[in-house]
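User: I am new to this kind of file and would like to learn how its labels are earned. Please take me through them, setting each value against its rule.

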Amino acid sequence: MKAVRYVQAGRSPEVVDLPAPTPGPGQVLLRVAGAGVCHSDLHVIDHALFPGSFTLGHENAGHIAALGEGVTGWKEGDAVAVYGPWGCGRCHHCQTSAENYCEAHASLPAMGGGLGADGGMAEYMIVPSPRLLVPLGKLDPVKAAPLSDAALTPYHAIKAALPWLVPGADVVVVGIGGLGHMAVQLLKALTPARLIACDIDDAKLAHARQLGADHTVNTRDGKRAAEEIRALVGARGADVALDFVGAQPTVDLCARVVGRASRIAVVGLGGGVLHYAANQPPYGCEVSVPYWGSRTELMEVIALAEAGRIHADVESFPLDEAVGVYQRLREGRIHGRAVLVP
Ligand SMILES: [Zn+2]
Ligand SMILES: [Zn+2]
């Protein structure tokens, strides 16, 4: 089968031919329908985060192709999303389904399929345990693949911020890419807050307006953007800022626009540092660094998609084009989410 492999830090991934895997005891073989192309893969490709070579793709959905010995409760052909952060499955967080916060993460060989272990950018993928599968119902697995990260990650961040997102509140969303375009829809589906979408690309801001953003601000000039946002939100400041970029200018922007008793969630991996001084960010501000989401939250995201309240804007590509797709992602030239379809 064809697979898109991470080979070595700093080198382009390669499309290679591999034997299709067979599921061992307790495992499940997935026939991949779609694998989302995520910005965090660029971190995996650029830095030596995991040892050895492996198949990329941590945002996966498809159909069950075969069950390993001892697996019950599922059958061949079931449409499923693969829950991406693979924890130990036994610790307190894992038992609550929040494997994204597994206590044993430092001692695990991989963070998930496509993150140290073989992922979904291939015709088939091994899922190590059926506990990592979530039923897709009637959803198309190609369109549903991005739900497992591009929607789950902002959902997790937004759910924790719901107490702030009351009528009259303002929420700032920074970065309208794969995660940000889902965040706009999730906020519209879940909260009455006024939504200010920020990006340095006017086309992405137009996309945010189509998806329901109330205001858009181009943040290419960070200082001017902060003034523009402060003028919109007034003395109260923004109640919540969600940063899906996490670079220094975006983290700084969030700190400048939130008000007192607010919340900043930095989701993006852009390497920015949030500086702290008295009343800067303002007093009462809570800062969180959410990572991915829990398995039951993935079920909630899938339920929202099934109800037609959110959808991933998907551009699909064959596996062979993976290298070019990563290049386009690097250049900010993907609309919504790219999905590789084997
Ligand atoms: Zn990701
Ligand atoms: Zn665990």
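User: What makes Trp 292 count as buried?

Analyst: Its relative accessibility is 4%. Buried means under 20% relative accessible area, exposed over 50% and partly exposed in between (1.4 Å probe, protein chains only), so Trp 292 falls in the buried class. Please keep in mind that this is a predicted model, in which local features need pLDDT of at least 70, side-chain atom pairs count only at pLDDT 80 or more, and totals for chains, interfaces and linings use all residues. Residues are numbered from 1 along each chain as its sequence is written, chains are lettered from A and ligands numbered from 1 in the order in which they are written, and side-chain values use heavy atoms, with hydrogens and water left out.

User: Where is Trp 292 placed, and what is notable about its phi?

Analyst: Trp 292 sits in the loop between E16 and H9. Its phi is near 50 degrees, a positive value in a residue other than glycine. Most residues other than glycine have a negative phi, and most peptide bonds are trans. Ala 261 also has a positive phi, of about 55 degrees, without being a glycine. Ala 261 belongs to strand E15, and with a relative accessible area of 48% it is partly exposed.

User: Which residues are joined by a cis peptide bond?

Analyst: Gln 280 and Pro 281 are, with omega at about 0 degrees. Pro 281 lies in the loop between strand E15 (258-266) and strand E16 (286-288). The E and H names are DSSP runs, numbered from the N terminus: helices (H or I) have at least four residues and strands (E) at least two.

User: Why are Cys 38, His 58 and Asp 149 said to coordinate the zinc ion (ligand 1)?

Analyst: Donors are N, O and S atoms within 2.8 Å of the metal (3.2 Å for Na, K and Ca). Here the SG of Cys 38, the NE2 of His 58 and an OD of Asp 149 lie at 1.8 to 2.2 Å, so they pass the zinc cut-off. Water is not among the atoms, so sites may look incomplete. Along the chain, the donors follow the spacing C-x19-H-x90-D. Cys 38 is in the loop between strand E3 (28-37) and helix H1 (39-46), and His 58 is in the loop between strand E4 (54-55) and strand E5 (60-67), so this pair ties together parts 20 residues apart in sequence. Cys 38 is buried at a relative accessible area of 4%, and His 58 is buried at 2%.

User: How do you know that Arg 337 and Glu 59 form a salt bridge?

Analyst: The rule asks for a side-chain nitrogen of Lys or Arg within 4 Å of a carboxyl oxygen of Asp or Glu. The closest N and O atoms of Arg 337 and Glu 59 are 2.6 Å apart, so the pair qualifies. Arg 337 is in strand E18 and Glu 59 in the loop between E4 and E5, 278 residues apart, so the pair links distant parts of the chain. Both residues are buried. Glu 59, Asp 149 and Arg 337 are linked in a network of salt bridges, and Asp 149 is also one of the zinc donors.

User: What makes Asp 78 buried or exposed, and what about its partner Lys 75?

Analyst: Asp 78 has a relative accessible area of 17%, which puts it in the buried class. Lys 75, at 54%, is exposed. Their side chains meet in a salt bridge at 2.9 Å, N to O. A search of the whole structure finds 17 salt bridges.

User: Which salt bridge crosses between the domains, and how many are there?

Analyst: The domain assignment, which comes from an automatic or database source, gives domain 1 (2-148 + 293-341) and domain 2 (152-288). Across their interface the rule finds one salt bridge. Lys 159 and Glu 300 meet in a salt bridge at 3.0 Å, N to O, with Lys 159 inside the range of domain 2 and Glu 300 inside that of domain 1.

User: How many residues make up the contact between the domains?

Analyst: Domain 1 gives 24 residues and domain 2 gives 18, where contact means heavy atoms within 4.5 Å. The domain centres, taken over C-alpha atoms, are 27 Å apart.
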